[in-house]
Amino acid sequence: MALYPCLFLAYLLFSCSLLVCDCLKVDGKENRSFYSFEVGSLAPSTTCYSPKDGRKSTLTVVHRYGPCSPLSSDKLTATQMLEQDQARVDSLQSRISGRAQSPVSLEQATVPARSGHSLGTGNFIVTVGFGTPKKDMSLIFDTGSDVTWIQCQPCAGTCYPQQEKIFDPAQSSTYLNVSCSSAECSQVSSATGNPVRCSSSTCVYAIQYGDQSFSVGFLSHEKLTLSTDVFSNFQFGCGQNNQGLFGTTAGLLGLGRNKISFVSQTAQKYGRVFSYCLPASSSSTGYLTFGGYKPSSAIKFTPLLTDSSKPSFYFIDFIGMAVGGRQLPISSSVFSTGGTIIDAGTVITRLPPSAYTALRSAFKQAMSKYPSSPAVSILDTCYDFSGFSTATVPKIAMQFRGGANVDIDLSGILVGVGGPSKACLAFAGNSDAGDVTIIGNKQQQTFEVIYDVGKARVGFGAGGCS
C-alpha cells in the first residue's frame, strides 16, 4: 500500500467518503430510514476537493490529517486520535463539573506534558493572519476555548515544533503588550481559571487544558486579518512556553462565549454570529464564516442555554433520539441530568450511559446481518463488511428542544477503522449519568451549524457544505 500505515489509519478514521443512497428497497417498497453505501468507498481518498463558498468573512476549514491540510507532518494512528479525543472529553468533564485541577504556574509550566496526553484539540484548522506585515498561521478552531493564542519568539521555556515559522512580535509594527494594571489583564483570569501574573508590569496569561498541556506567555494586542476583514487591536496570547500534542499548528482560535473570545471581541462587526460546515471527508474542505449564514427554510433552531457557573460553553436542550425511524425509549430527563453542550473540538459524541445503551441495542438489531468486529479504543460497536459490496445502515436522528430534529449524515454514523471494510458506530457512552452530554464534530458533519449568540439559539441546516 502506497500510504504510510499511520496516515492510512488516520484517513480511515475521519475521512469515510462514502457513496451513499438515501434509501433502499424493503419488500419492494422504498424505505427512507436507512442509508445504503458501497463498502469499497470506505477507503480514503488522497485527492483534495475544495468547493468555493464565496462569502466574505469566511475561512476555509480543513482536516488536520487529510490531503487538503497544509500541515503535512501531522500523522496519528486511529487509536491515538481516539485517545486524544478521550483526553479532551476528560478535561471538558472536569471543567464543567467543577472538579479541581491544580492551577498551572510559570514554574510548573516548564515541565513537558506527559506522553500520550493532551487537550485532544480537535481535527479542523483555519488560517488567519497576525501582525504587520501579515504572517499567516494555521490554528485549531475550538468552541470549547476562549483565549486565542499562538506560539511566539523568543521561546522562554519550550515551544513545540510547528509547520509555519514561529511568530516574532519584534518583527511586527503593530504588536503591543497588555499592561498588568489594565482591566483586560484581570479579565483573562476568568477565561483561564488561573490567577493574573505579571512580568515587568506586563500581563502574563497561563492556560492549562488538562493532563499538563499548557500555553503560557504575554497577553497582547495585535492586528488580526481574517479573510478580507482586519481587526487592529485584537487581544490574544503570545505564547512563549507551550507544550502538548497540538500537532504542528501555530495555536488555537477560541470561539467560546467569554469576553476575551474571538466571538466577543468581534461582536461589533459580526454581531456574535458565526457558522461552520465540517466536511464529511478529510479529502474535502468546509468553512467557518462570521456575521451571517445561508438563509434557508430548512434551518432548524434550538434555544441556546447558559449555565451561569460555566458561561463559556454552548449548552443546548437535547431531548431524544431515533434509529431507523423508530423513537428510542429515552426520557428527556436522561439528557438534562448533566446537560448537553455542542462542541467543535470533540470528535465522537458522548451520551449518558442509559441513552448509549438504548442506541447501541437498536443499532445492533438493525445491523444483525453483518459480522461484528473487535472494539477500537472507545468505539465498541464495530463491523466487518469485507464479505459485502454494499451495506445498509439505519439513520440516526438527534432531537433538540424547539423542533430541531437532525438526521445525522452517514459520515457521522459510521467511522472507518482498521481497514477499508471495517467500521464502528461513531458514538460512545459517558461513564457517569451526571456527566455532560457532548455533541461531537462527527455528528455535525455536512450541516451548517449556526451559533447565533445574540438571539440565544443554535441552528442546523442540512447540506451546508455544498
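**Warm-up**

Which residue does a disulfide join to C155? It's C159, with the sulfurs 2.1 Å apart. Keep in mind that this is a predicted model.

**Exercise 1. Work out the handedness and burial of the C155 link.**

Solution.
- Start with the torsion: about the S-S bond of C155 and C159 it is -100 degrees, and the link is left-handed.
- Now the burial of each end. C155 has a relative accessible area of 27%, so call it partly exposed.
- C159 comes in at 18%, so that end is buried. The cut-off you need here is that buried means under 20%.
- Take a look at the neighbouring backbone, too: Q153 and P154 are joined by a cis peptide bond, with omega about -10 degrees. P154 lies in the loop between β8 and β9.

**Exercise 2. Characterise the disulfide of C152 and C238.**

Solution.
- The sulfur atoms of C152 and C238 are 2.0 Å apart.
- The S-S torsion is about -110 degrees, so this disulfide is left-handed.
- Next, place the two ends. C152 is in the loop between β8 (149–151) and β9 (176–177), while C238 is in strand β13 (residues 229–243). That's a link between distant parts of the chain, 86 residues apart.
- Finally, check the burial: C152 and C238 are both buried.

**Exercise 3. Do the same for C180 and C198.**

Solution.
- The S to S distance in this disulfide is 1.5 Å. It passes the cut-off, which asks for sulfur atoms within 2.5 Å.
- With a torsion of about -65 degrees about the S-S bond, the disulfide of C180 and C198 is left-handed.
- The pair links distant parts of the chain, 18 residues apart: C180 sits in the loop between β9 and α3 (183–192), and C198 sits in strand β10 (residues 197–199).
- The relative accessibility of C180 is 18%, so C180 is buried. C198 has 48%, so it counts as partly exposed.
- For the tally, the structure holds 7 disulfides.

**Exercise 4. Classify two of the aromatic pairs.**

Solution.
- The whole structure has 26 aromatic pairs.
- Try F231 and F262 to begin with. Their ring centres are 6.2 Å apart and the planes stand at 80 degrees, so the pair is edge-to-face. The threshold for that label is over 60 degrees.
- F231 belongs to strand β13 and F262 to helix α4 (residues 262–265), so the pair ties together parts 31 residues apart in sequence.
- F231 has 13% relative accessibility and is therefore buried. F262 has 0%, so F262 is buried as well.
- Now take Y383 and F385. Their centres are 6.3 Å apart with 35 degrees between the planes, which makes a tilted pair. Y383 and F385 are both buried.
- To see the wider setting of F231 and F262, pick out the aromatic cluster that includes them along with F141, F234, Y270 and Y451.

**Exercise 5. Find the charged residues that lie over ring faces.**

Solution.
- K395 lies over the face of Y35, at 5.0 Å from the ring centre.
- R457 does so over F301, at 3.8 Å from the ring centre.

**Exercise 6. Test the length of helix α2.**

Solution.
- Helix α2 runs over residues 78–97, which is 20 residues.
- At 1.5 Å a residue the span should be 28 Å, and the end C-alpha atoms are 28 Å apart, so the two values agree.
- Just after α2 comes G98, with a positive phi near 85 degrees.

**Exercise 7. Pick out the unusual backbone spots.**

Solution.
- Begin with the background: most residues other than glycine have a negative phi, and most peptide bonds are trans.
- T132 and P133 are joined by a cis peptide bond with omega about 0 degrees. P133 lies in the loop between β6 (124–130) and β7 (135–142).
- T446 isn't a glycine, yet its phi is positive, about 80 degrees. T446 is in the loop between β31 (437–439) and β32 (448–452), and at 16% relative accessibility it is buried.
- A456 also has a positive phi, about 55 degrees, without being a glycine. You'll find A456 in the loop between β32 and β33 (457–461). Its relative accessibility is 35%, so A456 is partly exposed.

**Exercise 8. Sum up the whole protein.**

Solution.
- Secondary structure: 7 helices and 33 strands.
- Burial: 58% of the 466 residues count as buried.
- Contacts: among those between residues at least 6 apart in sequence, 71% join residues at least 24 apart.
- Surface: the accessible area is about 17800 Å², and 51% of this belongs to carbon and sulfur atoms.

Technical notes:
Residues numbered from 1 in each chain as written. Predicted model: local features only at pLDDT ≥ 70, side-chain atom pairs only at ≥ 80, totals over all residues. Heavy atoms only, no water. Helix = DSSP H or I, 4+ residues; strand = E, 2+ residues; numbered from the N terminus. Buried < 20%, exposed > 50% of the residue type's maximum accessible area, 1.4 Å probe, protein only. Contact = heavy atoms within 4.5 Å. Areas by Shrake-Rupley, 256 points an atom, 1.4 Å probe, with all protein chains shown as cover. Phe/Tyr/Trp six-rings, centres within 6.5 Å; stacked < 30°, edge-to-face > 60°. Lys NZ or Arg CZ within 6 Å of the ring centre and 35° of its normal. Expected span 1.5 Å × (residues − 1).
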